[in-house]
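Subject: Structure for your files

Hello,

Here is the structure you were waiting for. My notes follow below it.

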Amino acid sequence: VYRLHGRYHEMAPNVVPMDYTKDPDVKLPMQLIINMPELKENPFKERIVESFSEDGEGSLSFNDFVDMFSVLSEMAPRELKAIYAFKIYDFNTDNFICKADLEKTLNKLTREELTAEEITLVCEKVIEEADMDGDGKLGFADFENMISKAPDFLRYF
Amino acid sequence: HFGSSVASYFIFLRWMYGINMILFGLTFGLVMVPEALMGKPYGSLPRKTVPRAEEASAMNFATLWDFSGFAQYSVLFYGYYNNQRTIGWLKFRMPLSYFLVGVGTIGYSFMIVIRTMARNANEDGGGDDTSFNFSWKMFTSWDYLIGNPETADNKFASITTSFKEAIVEEQESRKEENIHLTRFLRVLANFLALCTLAGSGYLIFFVVRRSQKFALEGLENYGWWERNEVNMVMSLLGMFCPTLFDVISSLENYHPRIALRWQLGRIFALFLGNLYTFIIALMDEINLKARYLPPFAILEKIVKYNMTIWEASLYNGTIPENSTAPPIQVDPADVPRGPCWETMVGQEFVRLTVSDTMTTYITILIGDFLRAVFVRFFNYCWCWDLEYGFPSYSEFDISGNVLGLIFNQGMIWMGSFYAPCLPAINVFRLHTSMYLQCWAVMCCNVPQERVFKASRSNNFYMAMLLFILFLSTLPAVYTIVSIPPSFDCGPFSGKTRMFEVISETLEHDFPSWFGKVFGYASNPGLILPFILLMVLSIYYLNATSKSYKEANLELKKKLQSVRKRELLI
């Protein structure tokens, strides 16, 4: 935790206090966080920061910061990772991954190199494969069911 | 970035390189090195010396490039080896080693190809779960641990390619077909392909016949083209026919992976036909020569007779027949030599390999590199957009390259018994070609328009390799078993058949009961039932494996329906 605090501190040395005993209310804005080397290349960096931030706008207090790194680390349990992964991919935060969310995810993954036709095809296929309750979008249960069988999820997340 | 099919080509190349290294290790360590270290040095025996007649040109670059002259009379070829039973202070049994290494390389190659096929087949049957293909691609393909911008770029490109591959698969499975038109087009395409194959076979036959005619009239009258006509024609056919097949296959409208297989099959038939026509024509040529020259047995007698006369002439005919005279020191270069067909065959193979390598490199340089340079720099001052229309950058030709690799290997297997240097040459060639092609792909090629996933396992390539291995060992085995070795060169000279070295070893070096046991074991009465037993066990294993596969599928289906039911509840 000390190391994390060191990282947190060096992002904005004038704002972050070294002493946390008084439990100060310090939050770092999103811009600073997404410039961290671990997140810089990630296409989902904004969503990651947003999902861990308490106020939903992307500013992370130190607690949120620690939460984020602990979920992304190798030690986190699969269910916890699945919960946060769902949050990350849910762009409009309606607790469902709908077709628009899927399109946004796909565009971020491929840096918009696929044609509109291909994008529609992929999104349809995803919904066809994973949607078990037939509502046309992925609820958390569908997502969890699908991700628990994926061989690469724990390796890459 | 270029797709898994291009990657699979390079993986295959690397695997071949591994095999060739081992073959090289065997031939080099057990055959060439002992001979070089412990055999009699160059110049000590007639068979190890360049004959006086050829000495003047022996070290010229042209002769060396052609693998005659000094290179011919060296450890590189069969003819250099002496037929002494043991050489050096280690009593290393050279002829036995030569024979065993020859047989061993073939046996090892068989074993490793089949083992790789079995391993691939295992992998294939196991993880074939594609129930959430697209979902997994979308949600689990990005690696959250990537921090380096270049790696990120590569990852983006590979994700895009992976998506495109999956999309192509999906589109193909949704396509509807007009059955009759497609069938007609496919029949037409096959007919055209057959015509091309027949045409190329005839062309090769014609060219080899012409070269025989030239050889009879003496090669000095003709220029470079006539001398190398056969090699050039074969290489040119190898360059142009695959493109022709490509054009024909566009008529057929198959899934890209199936189209690749047809393409590979046709090019395979082309090369096979070419190779065998070449060999048949060569055999014809040898027989033709034999018609004008007496057959080898008589030739042998003639040369021996000549040699005795020549020896007698050295003594000026003053020795009475029954006495023995002290041997006169004669320079080995002056001794008359008998023919050595094994070295000739070895030389042909080496020349073919070298010319094949040269052709490949030149094709890459001209076809890919110069074309890319041309398109890149002349695009500014040309009428139409060079990059999109013709000629544009070239795509990486997977089928051509894979087949080239496989056929090259076939030639190595065929020739390595007669020329122990072949695996060494091949190792060098594979080494350079890997880097050259890697560079060419990254710098001058563009990814294919329609990317498709390579077949799960490489078993298709392996099956072809196995077939070629079998075909290439046939000529070598035939010569070992049926043709008497030349009397004046090589480690088996003086024997009536090459495999007699085994029986000789058994007699001299093993205890007598061993020889008896071996004699009983090689009785046909024992071998035939054994073969029958093996055939039956193959049939049984095949049947059980089929039933296991079916049971596997049933279980998978059950699992899926149970899962679906669970979720709905």
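A salt bridge here is a side-chain nitrogen of Lys or Arg within 4 Å of a carboxyl oxygen of Asp or Glu. By that rule, zero salt bridges cross the interface of chain A and chain B. This is a predicted model: local features need pLDDT of at least 70, side-chain atom pairs count only at pLDDT 80 or more, and totals for chains, interfaces and linings use all residues. Residues are numbered from 1 along each chain as its sequence is written, chains are lettered from A and ligands numbered from 1 in the order in which they are written, and side-chain values use heavy atoms, without hydrogens and water.

The interface: chain A and chain B bury about 3,600 Å² between them, 69% of it on carbon and sulfur atoms. Buried area is the accessible area (1.4 Å probe) that two parts lose on being put together, summed over both. In contact (heavy atoms within 4.5 Å) are 42 residues of chain A and 35 residues of chain B.

Two residues of chain B lie in helix α1 (residues 4-38); helices are DSSP runs of H or I, at least four residues, numbered from the N terminus. B:N20 counts as buried (under 20% relative accessible area, 1.4 Å probe, protein chains only) because its relative accessibility is 0%. Beyond four places in sequence, B:N20 touches B:Q409, B:I412, B:N426, B:V427 and B:L430. B:W15, at 21%, is partly exposed (20% to 50%). Its contacts, again leaving aside neighbours within four places, are B:I112, B:V113, B:T116, B:M462 and B:L465.

Regards
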